[in-house]
Amino acid sequence: MVRVDHRQVPWWKKGVIYQIYPRSFQDSDADGVGDLVGIKSRLDYLASLGIDAVWLSPIYPSPMADFGYDIADYCGIDPMFGDLTGFDRLLSAVHARGLRLLLDFVPNHTSDQHPWFIQSRSSRENPKRDWYIWRDPAPDGGPPNNWISDFGGSSWEWDASTGQYYLHAFLTSQPDINWREPQVREAMMAVLRFWLDRGVDGFRIDVLWHIIKAATLPDNPINADWTPDRTQRDRLIQLHSTDQPEAHAISADFRALADSYGDRVLIGEICLPNDRLARWYGTANRPQVHMPFNFQLIESVWDAAVIRQSIADYEASLPEFGWPNWVIGSHDAARIAARVGDAQARVAAMLLLTLRGTPTLYQGDEIGIGKVTIPPDRVRDPQGLRQPGLGLGRDRSRTPMPWDGSTHAGFSTLDPWLPLNEDWPTRNVAAQDRDADSLLSLYRSLLALRRSHDALAIGEITLVDAAEDVLAYQRRHAGESLLIVLNLGGKTRPLMLPTKTCVAEVLASTLLPSTASRSHRAFRSVDNVLAPDEGLVLRLKEKH
Ligand code: GLC
């Protein structure tokens, strides 16, 4: 295990990232959709929560077919969210609180309303024709190959006026960019410079592993394991449409540009198994993204043995200089509290904030928004609408932030674009703020603990043996040794301490998070037990 030199630790290694889904964070202009002024008005909340950086899902001009991931102008702000002046104000206000701001960079595709695509599709001779991926039909007149869009259906859309198909990995209105065209690369680098010059602290890069395709666009192999309960995309193995060797050079170029601006950070959205994920760190001499997102906690079953193994496998897969990261929620995934329930959502909070690596916390998970039922007439997500019946709808994790018990939960004065969580009158920020034992209070105390203990922020990690259903690991740094024990089940389990140690202090508990209630059990001995759903952060002392 590599020891981290405390003095040289960049902010993004010690920091915690908070993802904002701008449509659903705070509305300020009574249209039922969140905006930048709204986000600015909630910065004190974020600062008091104890996070370090905010990542905003896309805020650029967009027809909103994929709610902003279909960009019509990379260097502007959608009027629904505000304007560039408002963005600059937001960025200054973020920085004034000692926080950082990351934007979402979506380089794989644009909207079909982007001027580049409008020009590209206007004629085969247009200079921007090659900025996108156009091909003649197959001999039978059908699509050029068998690729399937991630949102279902063929990846190819016929353009009658120019007599060719164009490629789209997602919606037909999200044409894929041709990253083999040098002018596109230059234009995209200019986009990054535009925002870096304005002072943004980095980017989350959307579907980075999709960015370039095999040059000859061969058919993808059939996936023999596919079953009808899986997405249409999974009928094929995306061998030629994703994770191409040439993509790594592009990723390294992004990094070189970011590094030329100082301490900026790049996080890549990459859904691949560990061995292929690790390659996106690049090499020490030619690094790529600082952190390829690690989605294992989102994909894994909630089982101590399985999670223990995935932590071990992930840690083992990292290059020596590669910094880990962990995610338990996003605007694409099911809510963690919906997956594991209220009691285990507290354990999940402790897991996320005590593992080695930068955590990304998704808005609303800090108050445990759980399962939200979206009435059929209010479903908005294109992925859910295009492949109904598979439970793919993403509206469930995009519902507005419930701030308080007032009309529309203080999110807006108008009925929000998506319904609120049904339990918003009691599950909201203000209510949990008042309750020292709420999930929000637990998040606050864990974030503070992480900040005050380098063992948690940058220490090494060692998995330790534990009872059934229990996940346990030690975090160590500069003479401090912490033990995290998490009961992922509903039964009482023994608390097995490593031999040669005894507990000095309980620093945090998922069951009794408030300081007052914790003090009476500050010391525990070896024969103690873990209650159902209990997670503890313990400071250990060596026995003499
Ligand atoms: C990413 C985004 C998702 C979007 C897709 C296409 O996976 O997280 O929300 O639909 O890319 O841009």
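This tour goes through the ligand site and then an enclosed cavity, in the order in which you might select them in the viewer. The model is predicted.

Begin by selecting the ligand together with the residues around it, of which there are 14, and look for Asp66, His109, Asp206, His331 and Asp332, since these are the residues that come nearest to the ligand. When the shell is coloured by residue class, it divides into seven charged, four nonpolar and three polar residues.

Next, display the side chains of His109, Arg204 and Asp206, and follow their polar atoms toward the ligand. In His109, a side-chain N or O atom is 2.8 Å from an oxygen atom of the ligand, while for Asp206 the distance from a polar side-chain atom to a ligand oxygen atom is 2.9 Å. Arg204 can be added to the same view, with an N or O atom of its side chain 3.0 Å from an oxygen atom of the ligand. The ligand on its own has 310 Å² of accessible area, and the protein covers 96% of it. If you now turn on a surface for the protein, the space taken by the ligand is the largest pocket.

Now leave the ligand and turn to the cavity search, which over the whole structure finds one cavity of 30 Å³ or more. The largest cavity has a volume of about 70 Å³. To see its lining, select Trp147, Ile148, Asp150, Ser155, Leu167, Ala169, Asp176, His210, Lys213, Gln238 and Ser241. Coloured by class, this lining shows four nonpolar, four polar and three charged residues.

As a last step, colour the model by domain and keep the lining of the largest cavity displayed: at least three of its residues come from domain 1 (9-109 + 181-447), and at least three come from domain 2 (115-167).

Notes:
Residues numbered from 1 in each chain as written. Predicted model: local features only at pLDDT ≥ 70, side-chain atom pairs only at ≥ 80, totals over all residues. Heavy atoms only, no water. Near = heavy atom within 4 Å. Polar contact = N/O pair within 3.5 Å; in protein donor to acceptor, adjacent residues only side chain to side chain. Areas by Shrake-Rupley, 256 points an atom, 1.4 Å probe, with all protein chains shown as cover. 1 Å grid on protein atoms, 1.4 Å probe; cavity = no way out; pocket = protein on both sides within 12 Å on 5 of 7 lines; lining within 4 Å. Sits in = over half its atoms within 2 Å of the grid points. Nonpolar A, V, L, I, M, F, W, Y, C, P; charged D, E, K, R; others polar. Points joined across faces, edges and corners; volume = space filled by probe spheres on them. Domains from an automatic or database assignment.
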